[in-house]
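Trainee: Could we walk through this model together? I'd like to start with charges and then move on to packing.

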Amino acid sequence: VHILAFGDSLTAGGFGSRPYPLQLEELLNRRSEDGRRYKVHNAGICGDSTEGMTERLPEEIADLGRAGIRPSFALTLGGTNDLGHMTPEQILRNLAKLREIVMAAGA
């Protein structure tokens, strides 16, 4: 089962702790009772904004597709880098757009 973890530095990790996508993959595989294997693809980029994420997400999904991977699930985490220079409404619109992109891709 392929899962796309998409976001900013909170997804990318690298701040003295292991990134949550890696921890999630390990947890899912450890707790899998039916032999299913999970792969969480970390597509986090430090400093990314939700606006940048809406531009980047289609290409991330396409890159996985070219590799023969179609995520069953997508986790999106963003907005913290937008605080202070975007309104909450703008951030929510961008997050809704990310959801639309994921849904259109079938994840």
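Mentor: Sure, start with R18: it makes a salt bridge with E26, with the closest N and O atoms 2.1 Å apart. A salt bridge here is a side-chain nitrogen of Lys or Arg within 4 Å of a carboxyl oxygen of Asp or Glu. Keep in mind that this is a predicted model, where local features need pLDDT of at least 70 and side-chain atom pairs count only at pLDDT 80 or more, while totals for chains, interfaces and linings use all residues. Residues are numbered from 1 along each chain as its sequence is written, and side-chain values use heavy atoms, with hydrogens and water left out.

Trainee: How many salt bridges does that rule give?

Mentor: Side chains of opposite charge can pair when their charged atoms come close. One group is a network that links D48, R56 and E60. By the rule, the count comes to 7.

Trainee: What is the relative accessible area of R18?

Mentor: Buried means under 20% relative accessible area, exposed over 50%, and partly exposed in between (1.4 Å probe, protein chains only). The partner E26, at 33%, is partly exposed. R18 is partly exposed too, and its value is 42%.

Trainee: Which residue forms a salt bridge with D63?

Mentor: D63 is partly exposed at 37%, and its closest N and O atoms with the partner are 2.3 Å apart. The two sit 3 residues apart in helix α3 (residues 50-66), so about one helical turn separates them. Helices (H or I, at least four residues) and strands (E, at least two) are DSSP runs, numbered from the N terminus. The partner is R66.

Trainee: How far apart are the closest N and O atoms of R66 and E59?

Mentor: R66 is exposed at 57%, whereas E59 is partly exposed at 42%. They form a salt bridge, and the closest N and O atoms are apart by 2.5 Å.

Trainee: Are α3 and α4 roughly parallel or roughly antiparallel?

Mentor: Their axes are 9 Å apart and the packing angle is about 10 degrees. Axes are lines fitted to C-alpha atoms, for helices over the stretch in contact, and angles run from 0 to 180 degrees between N-to-C directions. Under 35 degrees counts as roughly parallel, over 145 as roughly antiparallel, 65 to 115 as roughly perpendicular and the rest as oblique. The pair is therefore roughly parallel.

Trainee: Which element gives the largest share of the largest nonpolar core?

Mentor: A nonpolar core is a set of buried Ala, Val, Leu, Ile, Met, Phe, Trp, Tyr and Cys residues joined through side-chain atoms within 4.5 Å. The largest one has 11 residues, including F6, M53, L57 and L98. β1 (2-7), α3 and α4 each give two or more residues to this core. The largest share, 4 residues, comes from α3.

Trainee: Which residues does T80 contact, leaving aside neighbours within four places in sequence?

Mentor: T80 lies in the loop between β3 (73-77) and α4, and is partly exposed at 42%. Contact means heavy atoms within 4.5 Å. With those neighbours left aside, T80 is in contact with D8 and L10.
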